[in-house]
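Please find below my notes on the model you sent round, set out as numbered points. They take up burial, the core and the ligand shell in turn.

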Amino acid sequence: MLKRKVKVGVVGCGGICRGTYMENMMYRFNIIEVVGCCDLIDSRAQYIADKYGVKKMTFDEMLSDPEIEVIVNLTYPESHFEVSSKALKAGKHVYCEKMMAPTFEEAKELGRLAEENHVFFTTAPDTFLGAWEQSARKYLDEGIVGKPITIHAQCTSHYNPETPFFDLAPKYFFFPLHYGGGFPFDLGGYYLHEMINLLGSIKKVTGFGGNMQPVRTYMNPHHPKYGEEFIVNTPTTLLAALEFENGVLGTFHISSDSSDTMKFQITGTDGVFDLGDPNSFSDDIFVTRKGAAPSREEIVAGQMPTSKIENTSDPEDDDQQLGEWTFAQKVKLPILHGYYASSRGVGLADMCYAIVNGRRPRCHYDIGLHAIEVIHGIQESCKTGKIYEMTTRCERPAPIKTSALSQTCQEYTLDD
Ligand SMILES: NC(=O)c1ccc[n+]([C@@H]2O[C@H](COP(=O)([O-])OP(=O)(O)OC[C@H]3O[C@@H](n4cnc5c(N)ncnc54)[C@H](O)[C@@H]3O)[C@@H](O)[C@H]2O)c1
């Protein structure tokens, strides 16, 4: 039997609350019990309360309710510090959506408050607990590409005000174009958390970039401010070099000024590991190794498997196919872990088990703080032209057990 449920209060009833979190908190993870919700915009809280049968509350009511142990902060990034700091001071554990604060200084203050009040402060992204991410960690740790030498993370996407995500009601149009919510914080967080999960702490960073297009125009005719200009006050493009504590060297290229690309790849002494999209729980992962080539007999008999194997050398080249067998094959690897469907909130469920079982939560504050310092350090390096030496470090989170369990049973792997 489940030891007990953990009661939570949800602050912020916008897009991600409606779209994903409420479904997962209510129906997916049995350890979570949602007591109530609140939002600055009353109608949003009312909508969630009516739809899911939870209480519409004020934030202060949540903080003074002794039954509520955890505050789930799903506000936009500009409100993260205000909401989390109040909750921590009230003695509540906090799970906060990414990134935990717009600045490194505020992020450090949140950690101090959590320590002072003897509560957990954990942060998204939690996608690194997902299926491909955990499988990649297991394969990497078992040496699938030998000793890792480099990592290359690239994510560019056209986050512009013509996107349909703007909000008509409040002052907001789309948080990734606002202070603290910029692309390096928003999408960058997913890459950094998975890099830390795979390779551990980062020692030094350096970079170029900043805000490449500060003056923008509301381009959607449906927006009340259509045609007006506005200023974006957050970095939009950063191109950085990273040095990990374990000696791995990395590049981190993140931009909302250019069109869509996604690349996440580790090279090692024995092969190349093509990873998935760290903003997604399910994706394919591939390895390219000399040893993964098909046998001579298979090729001669025309049985070379083509559906799952993509020949990275020229398939027409007989010399390569029938020669010394040194060409590499890109092979799709089986995914061994659970959480392959949209599982946002798995980090929250993990923290609830951490509370009940008295262990360290996987989305630990240290990882979020380290990721924020990387972005802070790259921005500092952009300004000073110097290498930034990181002042924080973190442990890699404990891996999750492999699992071939059905969706709801996968929660079993967190009860450790
Ligand atoms: N939208 C997505 O696809 C997505 C995906 C993953 C993670 N996230 C993260 O989730 C968080 C929220 O994103 P969103 O898209 O839901 O934003 P949103 O703007 O749609 O919703 C945020 C809500 O928080 C409320 N709010 C703000 N300050 C508040 C306060 N002090 N007290 C009470 N309510 C307050 C706002 O009124 C709004 O309804 C962000 O940190 C974002 O990075 C969003």
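1. Of the protein's 416 residues, 45% count as buried, a residue being buried if 20 or more other C-beta atoms, placed from the backbone, lie within 10 Å of its own. This is a predicted model, in which local features need pLDDT of at least 70 and side-chain atom pairs count only at pLDDT 80 or more, while totals for chains, interfaces and linings use all residues. Numbering runs from 1 along each chain as its sequence is written.

2. The largest nonpolar core (buried Ala, Val, Leu, Ile, Met, Phe, Trp, Tyr and Cys residues joined through C-beta atoms within 7 Å) has 103 residues, and Val10, Ile32, Val72, Ala349 and Cys352 have the most contacts inside it. Helix H7, residues 183-199, gives the most to this core, with ten residues; helices here are DSSP runs (H or I) of at least four residues.

3. At least three residues of this core come from each of domain 1 (6-127 + 341-365 + 393-414) and domain 2 (129-332), with bounds taken from an automatic or database domain assignment.

4. Leaving aside neighbours within four places in sequence, Ala349 is in contact (C-beta atoms within 7 Å) with Phe29, Ile31, Ile32, Glu411 and Leu414.

5. The ligand is surrounded by 25 residues, the closest being Gly12, Gly14, Gly15, Ser79 and Glu97, where a residue is near if its C-beta atom lies within 6 Å. Helices H1 (15-28) and H4 (77-89) are the elements that give two or more residues to this shell, and H4 gives the most, with four.

Terms used
A residue is buried if 20 or more other C-beta atoms lie within 10 Å of its own, exposed if 12 or fewer, and partly exposed in between; C-beta atoms are placed from the backbone. Two residues are in contact if their C-beta atoms, placed from the backbone, lie within 7 Å.
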